[in-house]
Amino acid sequence: MDKRYAILGCGALGGLYGGMLARAGREVHFLLHSDYQHVADRGLQIESPWGDFTLAKVNAHQSAATLPPCDVTIVGLKTTNNHLLPKLLPPPTRGGGVVLVLQNGLGVEADSAAIVGADRVLGGCCFLCSNKIGPGHVRHLDFGRIVFGEFEQTGSGVSQRARDICAELVAAGIDAEATDDLRMARWRKLMWNITFNGLSVVLDASTKELVDDPNALALCESVVREVHGAAAACGVQIPPQMIDKTIENTRQMVPYDSSMRLDYSHRRPMELESIFGNPLRAAADCGASMPRVEMLYRPQRFKDASNLSGR
């Protein structure tokens, strides 16, 4: 039986994946904020290497209170908006549906689990280059894979409900993979996120500029290795070839401004705690240090505070 979906956060991520599910015939309900009226009147426009399309008719909601009970609620909000979840999650999950948290960072599922229970939460990482370029208009540039699994890991393999959700995502044309090791997926993504989000802000550079300059590239490689080592200290054994693959994938992707650099340039809060603070604290709890990551985290906190205060 087809599932009903709710999308919380109809931006570069939620707009793309929710739009593809809706195009494939799934019932999808979008919670929107600033562009609610535009999408309600004109629909969603998606540009993607997977195929451009427009959804003329969209189940658009201006308030979570009008969302129906859904089988899967996808959280695509920035983690800086997680304080809104106690208000946003109860309506679409009131029928017992699950929450799929597609947010950056480490430990980000905990906020949703505190509301609906850890047994109803899955988490996932999106290896995605995508931007929201206007009201109801998403431009997907490159990559796009979702790797997701149960927040409560039992060691008994991929759950049936994760398999079922994955099958619907894949049927909608989304590159999706269900995993029985969410911690591995999280730390694997952090190898990229910490390195390229952090350095893009501190050095004011795109991904292409970072990998094309030998000095910046050497710094990128050292940060990737440091995160890889911290993951190992926390019991997450990422294959060592993923170090070079992280750099090579970035070299091959289209020139891209990271989400954190875009947030900084638009004077929006950066996801510093989920992407930097939480991994630093997790590594410290495991007896590991990440001095290079710490040196990215501290100046970004200064820049973030200065940026938001208007200085």
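The questions and answers below work through salt bridges, cysteines, a surface patch and a pocket in a predicted model.

Student: How many salt bridges does the structure hold?
Tutor: Side chains of opposite charge can pair when their charged atoms come close. Here a pair is accepted when a side-chain nitrogen of Lys or Arg lies within 4 Å of a carboxyl oxygen of Asp or Glu. By that criterion, the number of salt bridges in the structure is 18.

Student: Which residue meets R26 in a salt bridge at 3.4 Å, N to O, and is R26 buried or exposed?
Tutor: R26 has a relative accessibility of 16%, and because buried means under 20%, R26 counts as buried. R26 sits in the loop between helix 1 (14–23) and strand 2 (27–31), while the other member of the pair, 142 residues apart from R26, belongs to helix 6 (residues 160–171). That other member is also buried, at 8% relative accessibility. The side chain that meets R26 at 3.4 Å, N to O, is that of E168.

Student: Which residue is linked with R26 and E168 in a network of salt bridges?
Tutor: The pair of R26 and E168 does not stand by itself, since these two residues are part of a salt-bridge network. The residue linked with them in that network is D2.

Student: How far apart in sequence are the parts tied together by the pair of R145 and D175?
Tutor: R145 and D175 form a salt bridge, with their closest N and O atoms 3.1 Å apart. R145 lies in strand 9 (residues 137–150), whereas D175 lies in the loop between helix 6 and strand 10 (176–178). R145 is partly exposed at 35% relative accessible area, and D175 is likewise partly exposed at 31%. The parts that this pair ties together are apart in sequence by 30 residues.

Student: Which residue forms a salt bridge with R292?
Tutor: R292 lies in helix 13 (residues 291–309), and its partner lies in helix 9 (residues 214–233), so the pair ties together parts that are 66 residues apart in sequence. R292 counts as partly exposed at 41% relative accessibility, while the partner is buried, with a relative accessible area of 11%. The closest N and O atoms are 3.1 Å apart, and the partner is E226.

Student: How many disulfides does a search of the whole structure find?
Tutor: A disulfide requires two cysteine sulfur atoms within 2.5 Å. C125, which is buried with a relative accessible area of 1%, has its closest cysteine sulfur in C126, but the distance of 7.5 Å is too far for a bond. Across the whole structure, the number of disulfides found is zero.

Student: Which residues make the nonpolar surface patch of about 200 Å²?
Tutor: One member lies in the loop between helix 7 (182–202) and helix 8 (207–212), namely L203. A patch residue needs over 30% relative accessible area, and L203, which is partly exposed, has 40%. The full set of residues making this patch is V202, L203 and L219.

Student: Which helix gives the largest share of the lining of the second largest pocket?
Tutor: This pocket has a volume of about 190 Å³, and its lining comprises 14 residues, with T80, E271, L272, E273 and S274 lying nearest its centre. Two helices, helix 12 (272–285) and helix 13, each supply at least two lining residues. The largest share, four residues, comes from helix 12.

How values were computed:
Residues are numbered from 1 along each chain as its sequence is written. This is a predicted model: local features need pLDDT of at least 70, side-chain atom pairs count only at pLDDT 80 or more; totals for chains, interfaces and linings use all residues. Side-chain values use heavy atoms; hydrogens and water are left out. Patches are made of residues with over 30% relative accessible area and no salt bridge: like charges are joined within 9 Å, nonpolar side chains (Val, Leu, Ile, Met, Phe, Trp, Tyr) within 5 Å. Accessible areas come from the Shrake-Rupley method with a 1.4 Å probe; for residues, only the protein chains shown count as cover. Buried means under 20% relative accessible area, exposed over 50%, partly exposed in between (1.4 Å probe, protein chains only). On a 1 Å grid over the protein atoms alone, a cavity is a set of points where a 1.4 Å probe fits but cannot get out, and a pocket is an open set with protein on both sides within 12 Å along at least five of seven lines; lining residues have an atom within 4 Å of a point. Grid points are joined across faces, edges and corners, and a volume is the space filled by probe spheres set on the points.
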